[in-house]
Amino acid sequence: MAEYANGVAVKEILDAEGQYMEEVRIVADGNGSMAGLQAYLYKSLSFSKVFLFDPEINDRFFLSKIWSKIIISPVISGFFPRAFVSKQQDLLLADNHKGKEFAKLIKNVQSSENREATDNSYMYPKGFKSVFFFGLSDKQQRRITEISGKSNFVFQENDLNIYSSPEKVFSTILANDSYTLPFNRIR
């Protein structure tokens with residue numbers, strides 16, 4: 001559902017409004033960051049921006065995964081509220097993207113970003129960047145750059161909570177508007 005909301009639904013809205021060249025800004029936080037990265041892979045959003053605040057990209061502890069698998073099992077799931085079981089399913093799906101699928105996801109996003117930069121970099125005043133990581137530890141940043149190299153993505157410090165400081169999130173998006181086509185800038 002997150003992939004649909006971030007990717008397909010946005011494409012359908014842009015198509016219906018005739019805004020084919022409109023840039024979309026996706027803001028994701030924590031575990032939702034994997035859905036934000038996944039949404040970027042939709043062809044219609046490959047020139048858009050994804051802002052990942054304090055992304056949770058580390059694999060969960062082994063026992064946490066086992067616990068989630070037990071909770072979602074057909075025998076046990078009936079004893080828990082549906083929302084709790086659904087949350088465990090979401091965590092397991094995110095685990096898949098953070099674990100064995102993570103390198104593939106980063107490579108796919110990198111490939112999409114490189115394609116846009118190669119085809120249309122002359123139109124971007126500061127060059128083309130589309131994925132922004134905020135608040136990663138040095139270890140997490142190294143994990144990504146070992147897969148993609150240092151030329152892709154923007155890594156910045158972060159000290160804000162997106163839920164309690166939406167004005168700072170907007171300021172952060174505006175500060176990175178220089179990576180946007182002039183006719184698609186917010187201001």
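Which residue in β3 is the bridge partner of V50? In this predicted model, the bridge partner of V50 is V131, and that pairing offers a convenient way into the sheet to which both residues belong.

**The chain as a whole**

The protein chain has 187 residues, of which 43% are buried, and the chain contains 8 helices and 4 strands. Followed along the sequence, these elements appear in the pattern α-β-α-β-α-α-α-α-β-α-β-α. If one takes the contacts between residues at least 6 apart in sequence, 66% of them join residues at least 24 apart. The accessible surface of the protein chain amounts to about 10500 Å², and carbon and sulfur atoms account for 56% of that surface.

**The sheet**

The 4 strands form an open sheet in the order β1-β2-β3-β4, and the pairing is parallel. Because β1 (25-29) and β4 stand at the edges and each has a single partner strand, one side of each is left without a neighbour in the sheet. On average, and with direction ignored, neighbouring strands of this sheet are turned by 15° against each other. The table sets out how the strands are joined.

| Strand pair | Bridges | Direction |
|---|---|---|
| β1 and β2 | 5 bridges | parallel |
| β2 (residues 49-53) and β3 | 4 bridges | parallel |
| β3 and β4 (residues 154-156) | 3 bridges | parallel |

Individual residues can be placed within these pairs as well: R25 stands opposite K49 in β2, while F133 stands opposite F155 in β4. From β3 the chain crosses to β4 through helix α7 (residues 138-148), and this β-α-β crossover is right-handed.

**Strand β3 and its side chains**

Which way do the residues of β3 point, and are they buried or exposed? In strand β3, which covers residues 131-134, V131 and F133 point one way, whereas F132 and F134 point the other way, and all of them are buried. Two of these residues have already appeared in the pairings, since V131 is the bridge partner of V50 and F133 stands opposite F155.

**A helix on the sheet**

Returning to the pair β1 and β2, which 5 bridges join, one can look at a helix beside these strands. Helix α2 (residues 33-40) packs on the sheet, where it touches β1, β2 and β3, and the direction of helix α2 makes about 170° with that of β2.

Terms used:
Residues numbered from 1 in each chain as written. Predicted model: local features only at pLDDT ≥ 70, side-chain atom pairs only at ≥ 80, totals over all residues. Heavy atoms only, no water. Buried < 20%, exposed > 50% of the residue type's maximum accessible area, 1.4 Å probe, protein only. Helix = DSSP H or I, 4+ residues; strand = E, 2+ residues; numbered from the N terminus. Pairing = 2+ DSSP bridges. Right-handed = clockwise from strand over helix to strand, strands pointing away. Axes fitted to C-alpha atoms, helices over the stretch in contact; angles between N-to-C directions. Contact = heavy atoms within 4.5 Å. Areas by Shrake-Rupley, 256 points an atom, 1.4 Å probe, with all protein chains shown as cover.
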